[in-house]
Structure formats: C-alpha cells, structure tokens
Amino acid sequence: MRFPFLFATRCCKTLRSLQQSPFFGPSLSKHQRSSALIYTSAQPCQEDRSYYITTPIFYVNASPHLGHLYSAVIADCLHRYKLLRGFNSKFTTGTDEHGLKIQQAAEAAGKDPSAFCADVSEQFKRVFGSCNISYTDYTRTTQQRHRRAVEHFWSVLWDKGLIYKGSYEGWYSTQDESFLTPSQVTDALDSSGKEIRVSLESGHKVEWMKEENYMFRLSAFRPQLLDWLGGNPRAVQPERFHRAALQWLQEDLPDLSVSRQRSRLQWGIPVPGDAGQIIYVWLDALVNYLTAAGYPDGHERWWRVAHHIVGKDILKFHAIYWPAFLLGAGLPPPELIHVHSHWTVGGKKMSKSLGNVVDPLERSQMFTTDGVRYFLLRQGVPDSDCDYTDDKVMKLLNAEIADSLGGLLNRCTAPALNPAQVYPSFCPRSFPSEQGGRAVAEDYRMLDAVTSLLPAVEKHYESAHVYKALEAISACVRQTNGFVQRHTPWKLDRRDSRDQRWLDTIVHVSLECLRIYGTLLQPVVPEISNKLLSRLGVREGEKSWAALDFLPRHRGMDCPFEGRTLGPDSGVLFNRLESQNVDRQTPKKSKKSANLK
Ligand code: ME8
C-alpha cells in the first residue's frame, strides 16, 4: 500500500493548479517537480494557514524539571513564530497520568491517584505559566474527552482486526513503561549490589512478565512504515533520528502488547468490552495528540499539519508505534517529528532517579523567564546532548543579551546620542546605495548580513534549529555594535550639519537593525523583545513578520518609523547578572540515586 494521500491532503489549490498547468507537465525533470512540490508546501496557501504543534505529555510521577521545560519552550517558540507569520496555530501540551509508574508513585506518596495526578499536573501548569508557555490546549489523560478519544481509537483498531487477544511473555520496564526484547536488556547491579536486568537504552530496571493481554499487529506495518519513512526523508528530524527509526525497521518488529491485566494495573482506561484489561499507557498517551485536535470529530484540520516535539528517549514510540497505530486507524502519520537531545548535568541525563534535576522555577527566578528561555534555545542543539551549569547561563546572558543587545539599544537611545528621543532621519547622501558617502565597505557588508538574516532565521525556525537562528542574530548584533564603534558617533560635531546628518543616519541604521533583531527574537524572548520594540516606538501591528522590511530608506522608500518619538521606557533591557547574586545551587540528591547506566 502506498500513501499518495499523505501528499494529496497536505497540498493546496495552488499546487493543484500548478500540476494542471503546462509548466508542471512531463517537460519538468523529476528534481524540478519535487522542488516545486517542496516549495509549494513550504509556502502554504492563504486558505490553509493552519499549524499544530505538540509537546510530549509529561508523566506526573515527579515534578517538572528543566528538560521538560526545554521541550515546551521549543514548541512555544515555533507556535509564536507561526502566529507572527499569520498562521492559525494550535499548541498543545499536558500530562500523562495513567499506568503502573503513576499508580506506584501515588501509592508511594500515600495519595489517591486522582488527587496525586491533579497535584503534579497543576505543578506543570504553574511552571509553564510562569515561563510564558502559551499553549492553547492542555490535555490530561484522566479527562473524559480523552477517554472518549482513546476508546474510539481502540474500537477502530479492533473493528479492523488489528488487535487480537494473545499472551505476552517478556521484559517490561515500568520506569519507561516499555516492553523490551531480550537483545534490548543487559545485566547490571543495583545500588545494593544485587544482580538485576536493565534496559540497554535507558538503564532502567526491567522485570519478566507473562500475561494474557491484547496485542496490536505491529509486525504487519513494517512495509507501510518503511514506505512512509523512506518516502519522507524530512518526516523525522534531525536526520540521525530518521536514520535510527529506519534502522529499527530493519530489526525485529514483534506485535505489541497493548493492554495489561487489571489485577496488576488498575489506574488506566479499561479496554472497551473487557473490563478485566487496561489499555497500555503508551497507546493511551499517544492518542492525546488526537484528543486535543478534537478526535473523533473535526480533527482533520489540525491532524494534517501535526508537528511533534519529542525528546530522543521517546523516539521509537513516536516514529514507529504511533505512525503504525495511526495508519491502522486510517489516519496519516504526523507531518513532522522534531527530535531533540537531552540536557545533562555532570554528564548524566537529568532525571529524578539520578537526583540531578534542575528546577525551572528556581532558575527563572535567578535568570528571569526570558533568560532561561534564551539559554535553553541558544545552547540546546537537537543533535547532541548539552551539559547544564549556572555559570554557562550567566556568561551567555551577560555577553549576548545584557552587553551586546542591551548595550546597543542603550547606546542608540541614550540622550547623549539621541537627545530628541526620536527615530532619527536617514540621509541617503551619507549612506548612498552605492559607496561614495561616509559609510565604508564594512558597513555595506553589515547591511547585507542583516538583509540575509531574515531568510536565514526563517529557515532555521522552520526546521526547529532555533540555536542557529540565535547564533545568526547574535553575529549580526555584534556587527551592528562594530558599526557604531567604528564611526564613534559621540565624537561627531552636532553644530556641523553634515556631521549631524551622519550621526542621525548611524542611529537610524542601528535602530533599524535593532527593530529587526527585536522582531525576530519575539518567539524566543517575548518580554525582552516587547520591551525593545516598545522602546523603539514600534506599535502592536508592526511587530509581525510582514513588517520585516529592513532599512527601506536605503532603497529610496519611505520608513514609517522615521521621525517617530521613542517609547518612554528607558530602563535597562536586561540587567547584568553578577555571580554573587546568582545563588548557585547544586542539584539536590534524591534518595533513589542508583545510577544504572
Ligand atoms: O516520556 N533533557 O514523559 P516524561 C531534555 N509521558 N528533555 C527532557 C529531559 C532532559 N534531560 N528529560 C525529559 C514521557 N525531557 C511520556 C511521554 S507523549 C505521548 C508521552 C523531555 O515525563 C523530553 O521531551 O518522561 C522527553 O521526551 C520528555 O520530557 C519525557 O517526559
């Protein structure tokens, strides 16, 4: 079975008319035709500007940590970016509240599972709220609407004969809520020196289990999954994770147990028609993406454009099991899965069991919300793990936000250089479109760099390489600082009209650069950007992507900001962080500190 519908549903009228046009006929090479396709899908047509972004839903067995916030900040950034581009964007997150792991955690806390879940779910909401995570939906798997969606999804798979009653015998990791084949486990010693078996991938303890339960015909989906992944090289990004997913398809792909006996697991959604079995927590959890899209009714609009943000630890669930479930249920796989690597502390993945978690609320108090957001997105590289220290955060924020960006704004808006407190005029004779005025070759190179920054940042946001966008912006901010430094406008003689015009031009160009940086940075640091743009006198309707017209005066066009009074807030953009003010806390050690990996 092939999946032309995957393309058909995602393409718009423009593409259809392109295909019918004589220019899109056999005279085009295969390469040209596929470029046309890619181009069209990257430029959604007016009637279809929908975007759907999700984070994983987080287990409520422990409090939120910086790793969870990282996934949420990436999704929030992409959501805000799409809104700025005029998309109708839906952004969902939430909590994963069923399963053995949660059942045991509630027991250990001596709490009723629903009260326990409500409590920790609220903690996630608080963290996301205080870190400006602007989700539009929040799914808790204990919600009635979710239960309805899961039951419906199960019934569709059942009716199609894709679920059958069988028996499972093998390894199970409660920490990962995952079934493992013998080749995925290894011997290890626990903290008391006892021999145990652990998952090779996560290092978590596994146990042998043998149960009657329901099985999903995963093995039957190998060809379709190969087709989907093979035909969509960008479906899983970055590429190394796409390769990893393809590699799994070369290995053993046994049918998957999708329920547990009620005698072992009570905390979950019962199998429709068989109350003695509880639906496997991963099948339950994955359906949350459909729940938030409205499933079983009216989900198509969002489902066509679903993008998942996931950590590399849950790639297999998202790139193999989930697409197989979806294909089984007659739905297309997600359009894109953005995978990110992990934050480590002292070289180890941040996790409660290792006792090295970093508290996001504590850090946002120390470094501000935008400070933490900027650090995570500037330093977090999807391809590889990144080690967290408070020192790195402080140095980065001081260098790039306080000194470089804040310093530039301060220089160009301070009364010494800008006594009239306006967006001054640009003088084409001082900075002509061709050389000949007072601007030098490096200044023209700076303008070129800022002009090409726009498509570069757009490309990086589109591919969720936010760190590359920030790297590029930061390099341009440095160049603009260099421009101001080079011309030492504070040394110009205001009484000389030529000097005055050149001074105004230097400030005008610098403010134009700052306006571009402030606009491009909005998805990452909304508060800082807002402060910056307000100081420049930029109004609400002028902060969108459509307003990104850099230095129109240099092209002989009008600039709507020229002559405008600056905003009144002349405060510091971002206060430098001093080490004595940064209460450097070492992560607390938990009692459960057995490091099995
Ligand atoms: O796996 N660095 O939930 P979870 C970066 N409920 N990101 C990290 C991280 C770290 N150190 N630690 C966690 C589950 N994350 C399931 C998901 S989805 C249908 C069900 C992030 O609470 C990362 O996104 O263990 C990872 O995939 C996710 O949190 C796992 O969260």
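**Exercise 1. A pair that involves helix α16**

Is D403 buried, exposed or partly exposed, and what is its relative accessibility? Find its salt-bridge partner and place both residues in the chain.

Solution. The model is predicted.
- Step 1: D403 has 39% relative accessibility. Buried means under 20% and exposed means over 50%, so D403 counts as partly exposed.
- Step 2: The salt-bridge partner of D403 is R576, with the closest N and O atoms 2.6 Å apart.
- Step 3: D403 lies in helix α16, whereas R576 lies in the segment after α20 (526-535). The pair therefore ties together parts that are 173 residues apart in sequence.
- Step 4: R576, at 43% relative accessibility, also falls in the range from 20% to 50%, so it counts as partly exposed.

**Exercise 2. Other salt bridges**

State how many salt bridges a search of the whole structure finds. Then describe the pairs D390 with R363 and K111 with D119, and name the residues of one network.

Solution.
- Step 1: The search of the whole structure finds 33 salt bridges. Side chains of opposite charge can pair when their charged atoms come close.
- Step 2: D390 and R363 form a salt bridge through their side chains, at 2.9 Å from N to O. D390 belongs to helix α16 (residues 390-413) and R363 to helix α14 (residues 360-367), so this pair ties together parts 27 residues apart in sequence.
- Step 3: D390 has a relative accessible area of 6% and is buried. R363 is buried as well, with a relative accessible area of 3%.
- Step 4: Between the side chains of K111 and D119 the salt bridge is 3.2 Å, N to O. K111 has 38% relative accessibility and counts as partly exposed; D119, at 35%, also counts as partly exposed.
- Step 5: K82, R85, E458 and E462 are joined into one network by salt bridges that share partners.

**Exercise 3. The open sheet**

Give the strand order of the four-stranded sheet, and work out which strands stand at its edges.

Solution.
- Step 1: The order is β6-β5-β9-β11, in an open sheet with antiparallel pairing.
- Step 2: β6 (178-180) and β11 (256-257) each have a single partner strand, so one side of each is left without a neighbour in the sheet. These are the edge strands.
- Step 3: Three bridges link β6 to strand β5 (residues 163-173) in the antiparallel sense. Here S173 is opposite S178 in β6.
- Step 4: Helix α7 (residues 144-159) packs on the sheet and touches both β5 and β9 (207-216). The directions of α7 and β5 make an angle of about 115 degrees.

**Exercise 4. Helix α19**

Check the span of helix α19 against the expected value, then describe its surroundings and its N-terminal end.

Solution.
- Step 1: Helix α19 covers residues 497-521, which is 25 residues. At 1.5 Å a residue, the expected span is 36 Å.
- Step 2: The end C-alpha atoms are 36 Å apart, in agreement with that value.
- Step 3: Of the 25 residues, 20 are buried, so α19 is largely enclosed by the rest of the structure.
- Step 4: The N-terminal end is capped by D496, which has a side-chain oxygen 2.7 Å from the backbone nitrogen of R498.

**Exercise 5. The setting of T54**

Locate T54 and list its contacts.

Solution.
- Step 1: T54 is in strand β1 (residues 50-54).
- Step 2: With a relative accessible area of 0%, T54 is buried.
- Step 3: Leaving aside residues up to four places away in sequence, T54 touches A75, T92, Y289, H307, H308 and I309.
- Step 4: With H308, T54 makes a side-chain polar contact of 2.8 Å.

Conventions: Residues numbered from 1 in each chain as written. Predicted model: local features only at pLDDT ≥ 70, side-chain atom pairs only at ≥ 80, totals over all residues. Heavy atoms only, no water. Pairing = 2+ DSSP bridges. Helix = DSSP H or I, 4+ residues; strand = E, 2+ residues; numbered from the N terminus. Contact = heavy atoms within 4.5 Å. Axes fitted to C-alpha atoms, helices over the stretch in contact; angles between N-to-C directions. Expected span 1.5 Å × (residues − 1). Buried < 20%, exposed > 50% of the residue type's maximum accessible area, 1.4 Å probe, protein only. Polar contact = N/O pair within 3.5 Å; in protein donor to acceptor, adjacent residues only side chain to side chain. Salt bridge = Lys/Arg side-chain N within 4 Å of Asp/Glu carboxyl O.
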